[in-house]
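Visitor: Could you walk me through this model, starting with the ligands and then moving on to the strands?

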Amino acid sequence: MRPAVLVARKVFPQVVERLREHFDVEVNEEERVWSHEELIARLRGKQGVYLTPTNRIDAAVLEACPGLKVVANMAVGYNNLDVPACSARGVLCTNTPDVLTETTADFGIALLLATARRMAEAERFLRSGQWSNWSFDMMMGRDVHGTTLGVLGMGRIGQAIARRAAHGFRMQVIYHNRSRLAPEIEVSLNARYVGKEELLRESDHLMLVLPYSPASHHAVGAAELAQMKRSATLINIARGGIVDDAALAEALRERRIAAAGLDVFEGEPAVHPGLLDVPNVVLTPHIASATVRTRLAMANLAADNLIAALGCGPRAGQPPSPLNPEVLARR
Ligand code: GLV
Ligand code: GLV
């Protein structure tokens, strides 16, 4: 019998077609995210689920869906999955690393430039008809080239950003991470390992690229913001919840830091009202990986994972990016 799988959010039709070659597929065709209860109801009796970070797989789902074998997340970040609980029940989890690294790094730099150079604020100014004259001090921002970039979280995306910063913008890069890079990589990225305090104090621009976990919850809150330069900018392309958005809104309002650029939010798609109220923040709706080519690559990689992990296709049994490969070894 063909395995049954659920596609919990609409995705490229050609990717769904690929899944239909192997599986009985049910797709959420609605333009909305199913509630946790709806997800559970739809997933009962199915062996695989294809999902995005807008849906959670936790102990309640696993309990209600004992036939579930594979969870394929169409994202590199997987804080929406309880991976240890999945492992304990022999459920394989996969994500989509690598294919989005360069695209996401481009966006980190774009958001940094837009924030430091006040591009969103300047566009609002022009569109609202306030531009009446050239003025020496109109929309003055902060330089990016030649300044110090701080990177919190030096994974693949952090390194791709550091490479752009060091070689494209002649920036000094300092970083903090659980582990240090190999010395030759530090040299190639012009990057120096520092403690978190030094990172906060010395960065002209601070870029957050670390995964969300209970350990990184509010890694940047009021106390951390207070240690940053008043001229600093803060960029978050990682996950909502890494920044305390209420504390950030307050710091921006009081100009305790110069500006922020945010692609992710605590409780998104809701955005803290204090952030909508201040001019010195650039807000984008979680689109750092959103290019045509990269989103298709992510969607196909998630499908490759689901197909292989359910024992189909040319790589049967060998999904390309498992998060808990010990589950495969036990099968
Ligand atoms: C998107 O946020 C991702 O984790 O891929
Ligand atoms: C995170 O997983 C990254 O690719 O940086």
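Guide: What follows goes through the ligand surroundings, a record annotation and two strands. This is a predicted model, in which local features need pLDDT of at least 70 and side-chain atom pairs count only at pLDDT 80 or more, while totals for chains, interfaces and linings use all residues. Residues are numbered from 1 along each chain as its sequence is written, chains are lettered from A and ligands numbered from 1 in the order in which they are written, and side-chain values use heavy atoms, with hydrogens and water left out.

Visitor: OK, which residues surround ligand 1?

Guide: The shell consists of A75, V76, G77, L100, R239, H286 and M298, where a residue is near a molecule if one of its heavy atoms lies within 4 Å of it. By class there are four nonpolar, two polar and one charged residues, with Ala, Val, Leu, Ile, Met, Phe, Trp, Tyr, Cys and Pro taken as nonpolar, Asp, Glu, Lys and Arg as charged, and the others, Gly among them, as polar.

Visitor: And what is within polar reach of an oxygen atom of ligand 1?

Guide: An N or O atom in the side chain of H286 is 2.6 Å from an oxygen atom of ligand 1, one in the side chain of R239 is 2.7 Å from a ligand oxygen, and a polar backbone atom of V76 is 2.8 Å from a ligand oxygen. A polar contact here is a pair of N or O atoms within 3.5 Å; within protein, one must be able to donate a hydrogen and the other to accept it, and residues adjacent in sequence count only if both atoms are side-chain atoms. The protein buries 86% of the 190 Å² that ligand 1 exposes when taken alone, the areas coming from the Shrake-Rupley method with a 1.4 Å probe, and for residues only the protein chains shown count as cover.

Visitor: What about ligand 2, which residues are around it?

Guide: V76, G155, R156 and I157 are the residues around ligand 2. The side chain of R156 has an N or O atom 2.9 Å from an oxygen atom of ligand 2, and a backbone N or O atom of I157 also lies 2.9 Å from a ligand oxygen. On its own ligand 2 has 190 Å² of accessible area, of which the protein covers 80%.

Visitor: Switching topic, what feature does UniProt place at residues 5–311?

Guide: The unreviewed UniProt entry gives "domain: D-isomer specific 2-hydroxyacid dehydrogenase catalytic" for that span; positions are in the numbering used here, feature names are shortened, and annotations may be inferred rather than shown by experiment.

Visitor: Now β9, are its faces buried or exposed?

Guide: In strand β9 (residues 205–208), H205 and M207 on one side and L206 and L208 on the other are all buried, meaning under 20% relative accessible area, with exposed over 50% and partly exposed in between (1.4 Å probe, protein chains only). Helices (H or I, at least four residues) and strands (E, at least two) are DSSP runs, numbered from the N terminus.

Visitor: Which strands does β9 pair with?

Guide: β9 pairs in the parallel sense over four bridges with strand β6 (residues 148–152), and likewise over four parallel bridges with strand β10 (residues 233–236), where two strands pair if DSSP finds at least two bridges between them.

Visitor: Why does S203 count as buried?

Guide: S203 counts as buried because its relative accessibility is 1%.
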